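These are my notebook entries on a structure that I looked through on screen. I set down what I looked up, topic by topic.

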Amino acid sequence: MQLMDKLLIGGILMGGLLSASVTIADDEQVFGWVEKATLQPWDIEVKAKLDSGALTSSLDARNIELFEKDDQEWVRFRLKLEDQASGDVFSDQIERPLYRELAVRGAGGRDERPVVLLEVCMGDTIYEEQFSLRDREEMNYPLLLGRRTISHLGLLDVRNTFLQDPECGENADVVPHDPEDNQS
């Protein structure tokens, strides 16, 4: 087989493979590494960083305290978030059942964080996800979405930002939390 024939066949095969990968991408929503998200049921629009290096999502929370309610462990915390759509500051005390505790190890040592289930609108779908609570006031993004959440969304394009607007109305699809989702 001559070199020109090999190049032609290689180009056709490569073009077919590229077309196949684009077809796969067209079937799923594509999200950038930073997106707008709305926290439900409050409909607060915040900037979210999609971080494939983190497993569990994280939310900026203040005055975090554990307490007992009806013989179960609960978490009380304050959300203080600027709504990106209106510029208003949402500040409210929230109570949620403790889903689990997360041990985080880093350069500063070991840190225990409470994890609760919350709903977040990404694109046109509401996802019930695990969120560790932490004071993220010094961070650029009040909401960090980890791999557990990203895996439900679709594809992540690390070259782009703000590819999807959160548009979850009353009839939005809701994806409930999957307690069997034990990614690592």
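**Entry 1. Pairing in a sheet**

I began with a residue pair: Glu-65 stands opposite Arg-76, the latter in strand 6. I note at once that the model is a predicted one. Strand 6 covers residues 72-82, and I found it paired with strand 5 in the antiparallel sense over 6 bridges.

I then asked in what order the strands of this open sheet run. The order is 5-6-7, the sheet has 3 strands, and the pairing is antiparallel. Strand 5 (62-69) and strand 7 (89-97) are the edge strands, each pairing on one side only. On average, neighbouring strands of this sheet are turned by 20° against each other, direction ignored. As background, I recall that strands of a sheet pair through backbone hydrogen bonds, either parallel or antiparallel.

**Entry 2. Backbone exceptions**

I next looked for unusual backbone geometry. Most residues other than glycine have a negative phi, and most peptide bonds are trans.

Asn-63 has a positive phi of about 50° although it is not a glycine. I located Asn-63 in strand 5. With a relative accessible area of 59%, Asn-63 is exposed.

Asp-71 is not a glycine either, yet its phi is positive, at about 60°. I found Asp-71 in the loop between strand 5 and strand 6. Its relative accessibility is 75%, so I entered Asp-71 as exposed.

Which two residues does a cis peptide bond join? They are Gln-40 and Pro-41, with omega at about 5°. Pro-41 lies in the loop that runs between strand 2 (34-40) and strand 3 (44-50).

**Entry 3. The disulfide**

I asked how many disulfides the structure holds. The count is 1. Cys-121 and Cys-168 form it, with their sulfur atoms 2.0 Å apart; the cut-off for such a pair is within 2.5 Å.

Why do I enter this disulfide as right-handed? The torsion about the S-S bond of Cys-121 and Cys-168 is about 85°, and the disulfide is therefore right-handed.

I then traced where the two cysteines lie. Cys-121 is in strand 9 (residues 109-122), whereas Cys-168 is in the loop between strand 12 (155-157) and strand 13 (173-175), so the pair ties together parts that are 47 residues apart in sequence. Both Cys-121 and Cys-168 are buried.

**Entry 4. Three buried residues**

I looked up Leu-145 in strand 11 (residues 143-145). Is Leu-145 buried or exposed? Leu-145 is buried, its relative accessible area being 0%. Leaving aside neighbours within four places in sequence, I found Leu-145 in contact with eight listed partners, including Ala-48, Leu-50, Met-122, Phe-131 and Ile-150. I also checked Trp-33, which is 112 residues from Leu-145 along the chain: their C-alpha atoms are separated by 9.6 Å.

Ser-132 has its place in strand 10 (residues 125-134). Its relative accessibility is 2%, so Ser-132 counts as buried. The side chains of Ser-132 and Ser-58 are joined by a polar contact of 3.5 Å. Beyond neighbours within four places in sequence, the contacts of Ser-132 include Thr-56, Ser-57, Leu-59, Leu-102 and Arg-113.

Asp-83 sits in the loop between strand 6 and strand 7. Asp-83 has a relative accessible area of 13% and is buried, since the cut-off for buried is under 20%. A polar atom of the Asp-83 side chain lies 3.5 Å from the backbone nitrogen of Glu-45. Neighbours within four places aside, Asp-83 is in contact with Asp-43, Ile-44, Glu-45 and Asp-88. Lys-47 is 36 residues from Asp-83 along the chain, and I read a separation of 9.1 Å between their C-alpha atoms.

**Entry 5. Whole-protein figures**

I closed with the totals. The secondary structure comes to 2 helices and 13 strands. Of the 184 residues in the protein, 38% are buried. Among contacts between residues at least 6 apart in sequence, 61% join residues at least 24 apart. The accessible surface comes to about 11000 Å², and 47% of that surface belongs to carbon and sulfur atoms.

Note on methods. Residues numbered from 1 in each chain as written. Predicted model: local features only at pLDDT ≥ 70, side-chain atom pairs only at ≥ 80, totals over all residues. Heavy atoms only, no water. Helix = DSSP H or I, 4+ residues; strand = E, 2+ residues; numbered from the N terminus. Buried < 20%, exposed > 50% of the residue type's maximum accessible area, 1.4 Å probe, protein only. Pairing = 2+ DSSP bridges. Axes fitted to C-alpha atoms, helices over the stretch in contact; angles between N-to-C directions. Contact = heavy atoms within 4.5 Å. Areas by Shrake-Rupley, 256 points an atom, 1.4 Å probe, with all protein chains shown as cover. Polar contact = N/O pair within 3.5 Å; in protein donor to acceptor, adjacent residues only side chain to side chain.
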